[in-house]
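Work through the exercises below with the sequence and the model open. Each task is followed by a solution in steps.

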Amino acid sequence: MPSFNPPLRVLMGPGPSDVHPRVLAAMARPTIGHLDPVFQTLMEDMKELLRYAFRTKNRLTMPASGPGSVGMETCFVNLVEPGDVVVVCQNGVFGGRMKENVERCGATAVMVTDEWGKGVDLAKIKKAVADNPKTKIIAFVHAETSTGALSDAQAICAFAKEKGLLTIVDAVTSLGGVPLEVDAWGIDAIYSGSQKCLSCTPGLSPVSFSARAEAVIKGRNRKVQSWFMDMSLIMNYWEAQGGARTYHHTAPINSLYGLHESLVMLKEEGLENSWARHRKNHLALRAGLEAMGLELLVAEHERLPQLNAIKVPAGTDEAAVRKRLLADYNLEIGAGLGALAGKVWRVGLMGSSSTANHVTLCLAALENVLPAAGAKIKTGVAGPAARAVLFP
Ligand SMILES: *Cc1c(COP(=O)(O)O)cnc(C)c1O
């Protein structure tokens, strides 16, 4: 059996994004013990870096050991108890997973649904809360990776505060890519993922809980149903209480080296600069796509810069395009999910995959591949249109 040698791909799907060589190099450093005093300095740095990225002073801030889905479940199992009522917003795939989480906690999910490709409608949330006076939590996805729509997290959280409700926010795709203010917006529980705009390898999920959420966790009537995700146990490892950290589970040491490096890189660049870079590269991609005659799914005012859902033109073999891009250019883009399967391509410009080179390659490759797949596009115009945005 030979060693496994993956091809060198260009990752422009909905995640994972390209992992920077600095992150991969960090992960190849020697493994040390998860209670080694030197490792504990990394843990302290990690919490500080995550507070920087989330813009929070929350004490309960650390990476959950597992993919974004584990961060999601960590937020729900700690805050939701049997009999609770949670308003869950669904405007794509991930709101549906929130519903699953709520129901598996023995609580009731009151669904607020919006069309795929649109942001969450605050007026509908207000109505759901008015109709369900026992509501405890509002849960929503900030950046819906399945559609490319951004929701107004600030407005939703302001409403929740006004009503004394908690918020659970999915920031898996938003963290690092678009403005996100955990403290200023009053978010109570938030989770993200390492493999989207942070451009680390998959498998870690930064989470953060407000003091208000922490009080709710402390005041629970019964134990958290998940032993592994119980924050009160996990924090005995992530915090040196009286100088002692206790073993909970063996931390994914080398993965944490990688996340640490990617957060150091984010801090070097500056969070605002990272947001601006994501925006600029999105505008360049969009200029090229529109010049070709392609259309984006989401309306301009709620478009995510880091996830571009492109409508598949009539008469085009959607899957053939992705297949050719991968085979001929080593370029991965995403397919549509659920209601959007076959109807859109999803082009990610996340983290290390948000560069002028990625935009330029993607546009050139699409231009070369689309006509043979049946799409009628204008050629020779996408590159210059993108260039005008990238290098004005
Ligand atoms: C990717 C993603 C998740 C799930 O993350 P995994 O790491 O795949 O478990 C959850 N929510 C959103 C919005 C995502 O984009």
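## Exercise 1: the ligand shell

Task: In this predicted model, how many residues of the shell around the ligand are nonpolar, how many polar and how many charged?

Solution. The shell residues divide into five nonpolar, five polar and two charged. To check this, list the surrounding residues: P67, G68, S69, F94, V141, A143, T145, D170, V172, T173, Q195 and K196. Glycine goes with the polar class and proline with the nonpolar class in this scheme.

## Exercise 2: polar contacts of the ligand

Task: Which atom types of the ligand face the side chains of S69, D170 and K196, and at what distances?

Solution.

1. Start with S69: a polar atom of its side chain is 2.5 Å from a ligand oxygen.
2. Go on to D170, where a side-chain N or O atom lies 2.6 Å from a nitrogen atom of the ligand.
3. Then take K196: an N or O atom of its side chain is 2.7 Å from an oxygen atom of the ligand.
4. Finish with the cover: on its own the ligand has 380 Å² of accessible area, and the protein covers 89% of that.

The cut-off for a polar contact is 3.5 Å between N or O atoms.

## Exercise 3: two helix pairs

Task: What is the relative orientation of α3 and α4, and what is that of α11 and α14?

Solution.

1. Locate helix α3 at residues 68-79 and helix α4 at residues 93-104; their axes come within 10 Å and cross at roughly 45°.
2. Because of that angle, α3 is oblique to α4.
3. The crossing in which α3 passes α4 is right-handed.
4. Now locate helix α11 at residues 271-292 and helix α14 at residues 382-390, which pack with axes 7 Å apart at an angle of about 155°.
5. Angles over 145 degrees count as roughly antiparallel, and α11 and α14 are therefore roughly antiparallel to each other.
6. For the handedness of this pair, α11 passes α14 in a right-handed crossing.

## Exercise 4: backbone features in two loops

Task: Is the peptide bond between G15 and P16 cis or trans, and is phi of R55 positive or negative?

Solution.

1. Omega between G15 and P16 is about 0°, and the peptide bond joining them is cis.
2. P16 sits in the loop between β1 (10-12) and α1 (21-27).
3. For R55, phi is near 55°, a positive value in a residue that is not glycine.
4. R55 belongs to the loop between α2 (37-54) and β2 (60-65).

Methods: Residues numbered from 1 in each chain as written. Predicted model: local features only at pLDDT ≥ 70, side-chain atom pairs only at ≥ 80, totals over all residues. Heavy atoms only, no water. Near = heavy atom within 4 Å. Polar contact = N/O pair within 3.5 Å; in protein donor to acceptor, adjacent residues only side chain to side chain. Areas by Shrake-Rupley, 256 points an atom, 1.4 Å probe, with all protein chains shown as cover. Axes fitted to C-alpha atoms, helices over the stretch in contact; angles between N-to-C directions. Helix = DSSP H or I, 4+ residues; strand = E, 2+ residues; numbered from the N terminus. Parallel < 35°, antiparallel > 145°, perpendicular 65-115°, else oblique. Left-handed = near helix turned anticlockwise from the far one by under 90°.
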